[in-house]
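Here is a quick walk through how the strands and helices of this model fit together. Have the structure open and follow along.

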Amino acid sequence: MMTANFDPQLLENLQSRTPLLWLNPARGGLLPGSAPSLALIDEAENRLARCAPLLAALFPELAAAGGHIESRLMPAKALQQALGAGEVSGSWYLKRDDELPVAGSIKARGGFHEVLAIAESIALEHGLLKDEATDRRIMATPQARALFSQYAVTVGSTGNLGMSIGVMAAALGFDAVVHMSADAKEWKKDRLRKRGVRVVEHAGDYAEAVAAGRAQALAAPRSHFVDDEQSELLFFGYAAAARGLARQLAEAGRVVDAAHPLFVYIPCGVGGAPGGISHGLKALFGPNVHCFFAEPVASPCFLVQLASGADSPVSVYDIGLDNRTEADGLAVGQASELVASLMRPQLGGVFTVSDDELYLNLLALKDTLGVEVEPSAAAAVSGPGWLDSAAGQVYASGIDMSAATHVIWATGGSLVPPEALRGFQEHARQLSQRRAA
């Protein structure tokens, strides 16, 4: 086990799966010299905007929104009160990416963006598109589908990223292939197949599914592999969410500045989605936004990578954890090296969540706000409460928390079959009753 660089107490808590808040000692440092240009956030926003009419044409679910990928920012005062937090802790909101149409999760942001970028590149190369001003709805014509059918788009996923990549690629006519790990839910595989996506199952974990997808794509001509660990196209698709959130906060009358800090809590798997969003928010708000990732106690890959201080990859297996959690979308053993390098100077910290707490969190969302999510999407609910811990008070020292805005990111759930949602909630109620007994 690779444990030499860890604080002994931190290592003991991680190995015993004790939920904790880890504060990032490197926050406030300089971005690496190789950091991608922030202009790429604008490029991603522009691509999603010009492709919005195409998305509205491809997916009836997006017609009402004009093809724009955006979710509600929902006041969460009832949740705040139910969890024992008074107004002295600021104002709570829930970011409803669990409602995003078509893909049903946060992965729609990065996944759709990358597939659209691939399609634009091919269409430009073959003269189907002339320039940025060409109506992107031409990419939904039979001529375009015939062109795209000559290409494959491949991804490795535990479920939600595969859903966004597979559905988008198949809708445009690509040969869409999703390599999925054994712990991915059957209903996700079934939904992909119904959308015309080829699903390839693997007995191993997320990392093995990704490796298999990468190998297949590299061996095949005209095949594009969507690399969740290293893709800038995914990363900046997520980063484009920052300005949308900024607009929603302004509409809600929530100022973000030194006297009115913004705290954002996002569930984390390999790191692409939370890292991209955090990168975009830091570009807009600088030191006035504080971003925290939520990870399962069995799979804290981002915490492990940053706390190790190592430039080389370190996995949860290296410290004796097994990466087994009910939060299937967060069951990742090793963090993205690309995102870890960018988050090292930007991330406020990471808190870990037990599987029991995931279920209690999703029950709290259901009972207070009527929001139904899958277990992994409820990981961030615990975030604001950690600021009342000893470590949290150290972090918040000198900050007027009564003026803070807290945004809890709900990452998926609207496509989960109703019977599965009821099963999650029933399990949570039984767990709550046992704890109360």
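## The seven-stranded sheet

This is a predicted model, and a good place to begin is an open sheet of seven strands, ordered β1-β10-β9-β8-β11-β3-β2. The pairing in this sheet is mixed. At the edges you'll find β1 (21-23) and β2 (73-75); each has a single partner strand, so one side of each has no neighbour in the sheet. Going from one strand to the next, the twist averages 25°.

Zoom in on the β2 edge. Strand β3 (residues 91-96) is joined to β2 by three bridges, and the two run antiparallel. To see the register, pick L73: K95 in β3 stands opposite.

## A helix on that sheet, and its helical partner

Helix α11 packs on the sheet, where it touches β2, β3, β8 (262-267) and β11 (405-410). The direction of α11 makes about 130° with that of β11.

Now look at how α11 (residues 241-251) meets helix α12 (residues 272-285): they pack at an angle of about 55°, and their axes are 8 Å apart. That angle is why α11 and α12 count as oblique to each other. The crossing of α11 past α12 is right-handed. On the α11 side, the contact is made by A241, A242, R243, L245 and A246, while α12 brings in I277, G280, L281, L284 and F285. Sorted by class, this contact of α11 with α12 has eight nonpolar residues, one polar and one charged.

## Aromatic pairs

How many aromatic pairs does a search of the whole structure find? The search turns up ten. One of them is F263 with F292, a stacked pair at 6.5 Å centre to centre, with 15° between the planes. F263 sits in strand β8 and F292 in strand β9 (residues 289-296), so this pair ties together parts that are 29 residues apart in sequence.

## The four-stranded sheet

There is also an open sheet of four strands, in the order β6-β5-β4-β7. Here the pairing is parallel. Which strands stand at the edges? Those are β6 (198-202) and β7 (223-226), each with a single partner strand, so each has one side left without a neighbour in the sheet. The twist averages 20° from one strand to the next.

Strand β4 (residues 152-157) and β7 run parallel, with four bridges joining them. For a residue to click on, try V155: the bridge partner in β7 is V226. Lying across β4, β5 (175-181) and β7 is helix α7 (residues 160-172), which runs at about 170° to β4.

## Another helix pair

One more helix contact to inspect is that of α2 (residues 39-50) with α5 (residues 107-125). The axes of α2 and α5 come within 10 Å and cross at roughly 75°. With that crossing angle, α2 and α5 are therefore roughly perpendicular to each other.

Which residues of α2 meet α5? They are A44, R47, L48 and R50, and they meet H113, L116, A117 and E120 in α5. The contact of α2 with α5 divides into four nonpolar residues, one polar and three charged.

Key. Residues numbered from 1 in each chain as written. Predicted model: local features only at pLDDT ≥ 70, side-chain atom pairs only at ≥ 80, totals over all residues. Heavy atoms only, no water. Axes fitted to C-alpha atoms, helices over the stretch in contact; angles between N-to-C directions. Parallel < 35°, antiparallel > 145°, perpendicular 65-115°, else oblique. Left-handed = near helix turned anticlockwise from the far one by under 90°. Contact = heavy atoms within 4.5 Å. Nonpolar A, V, L, I, M, F, W, Y, C, P; charged D, E, K, R; others polar. Pairing = 2+ DSSP bridges. Phe/Tyr/Trp six-rings, centres within 6.5 Å; stacked < 30°, edge-to-face > 60°.
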